[in-house]
Amino acid sequence: QVQLVESGGGLVQPGGSLRLSCVASGIIFDIRAMAWYRQVPGKQRELVADITSGGNTNYAASVKGRFTISRDNAKNTVYLQMNSLKPEDTAVYYCNFRFPQHDNWGQGTQVTVSS
């Protein structure tokens, strides 16, 4: 049974920062490429960033230079450091495999950027 639990979201002003965490269980974490996704109500879920088992990273153009994805294999945890936040970053953020299996998603964590 796979479980991915996101945390760290909240309300911040434009230009602020947040650090999201995702704790994984029920998988062999070290060998999996992981990713952060986000979704706005009524819109399709989009890939924000991903990280391979070896630590190589990839970012959506909209967040490149502002967000950093990282992982701590000893803690089975993926992080997303978000800096210089913009109102358009407002969404529910989810973590999952880079290539999700069985369309399984957790509750996500809400990020709201507003003045």
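Two strands count as paired if DSSP finds at least two bridges between them. Keep that in mind as you look at this predicted model.

**Strand E9 and its partners**

Let's start with E9 and strand E10 (residues 109-113), which pair in the antiparallel sense over three bridges. In this pairing, Ala91 sits opposite Val111 in E10. E9 also pairs with strand E4 (residues 34-39), again antiparallel, and here the count is six bridges. If you want a spot to find on screen, look for Ala35, which stands opposite Asn96 in E9.

How many residues of E9 (residues 91-97) are buried? The count is seven of its seven residues, so to speak a mostly covered strand.

**A four-stranded open sheet**

Now for another part of the model: an open sheet of four strands, in the order E1-E3-E8-E7, with antiparallel pairing. Strand E1 (3-7) and strand E7 (67-72) stand at the edges, and each has a single partner strand, so one side of each has no neighbour in the sheet. Going from one strand to the next, the twist averages 15 degrees.

At the E7 edge, six bridges join E7 to strand E8 (residues 77-82), and the two run antiparallel. Asp72 is found opposite Thr77 in E8. As a bit of background, side chains in a regular strand alternate between the two faces of the sheet.

**Two loop residues with positive phi**

Most residues other than glycine have a negative phi. Here are two residues that go the other way:

| Residue | Phi | Loop | Relative accessibility |
|---|---|---|---|
| Asn76 | near 50 degrees | between E7 and E8 | 21%, partly exposed |
| His102 | about 65 degrees | between E9 and E10 | 73%, exposed |

Why does Asn76 count as partly exposed? Buried means under 20% relative accessible area and exposed means over 50%. Asn76 has 21% relative accessibility, so it counts as partly exposed. His102, at 73%, counts as exposed because the cut-off for that class is over 50%.

**The largest pocket**

His102 turns up again here, as one of the residues lining the largest pocket. This pocket holds about 160 Å³ of space. Its lining also includes Val2, Gln3, Leu4, Asn96, Phe97 and Trp105. Which elements give two or more residues to the lining? They are E1 and E9. So the pocket brings back two strands you've already met: E1 from the edge of the open sheet, and E9 with its buried residues.

As for chemistry, the lining residues divide into four nonpolar, six polar and no charged.

Conventions. Residues are numbered from 1 along each chain as its sequence is written. This is a predicted model: local features need pLDDT of at least 70, side-chain atom pairs count only at pLDDT 80 or more; totals for chains, interfaces and linings use all residues. Side-chain values use heavy atoms; hydrogens and water are left out. Buried means under 20% relative accessible area, exposed over 50%, partly exposed in between (1.4 Å probe, protein chains only). Axes are lines fitted to C-alpha atoms, for helices over the stretch in contact, and angles run from 0 to 180 degrees between N-to-C directions. On a 1 Å grid over the protein atoms alone, a cavity is a set of points where a 1.4 Å probe fits but cannot get out, and a pocket is an open set with protein on both sides within 12 Å along at least five of seven lines; lining residues have an atom within 4 Å of a point. Grid points are joined across faces, edges and corners, and a volume is the space filled by probe spheres set on the points. Ala, Val, Leu, Ile, Met, Phe, Trp, Tyr, Cys and Pro count as nonpolar, Asp, Glu, Lys and Arg as charged, and the others, Gly among them, as polar.
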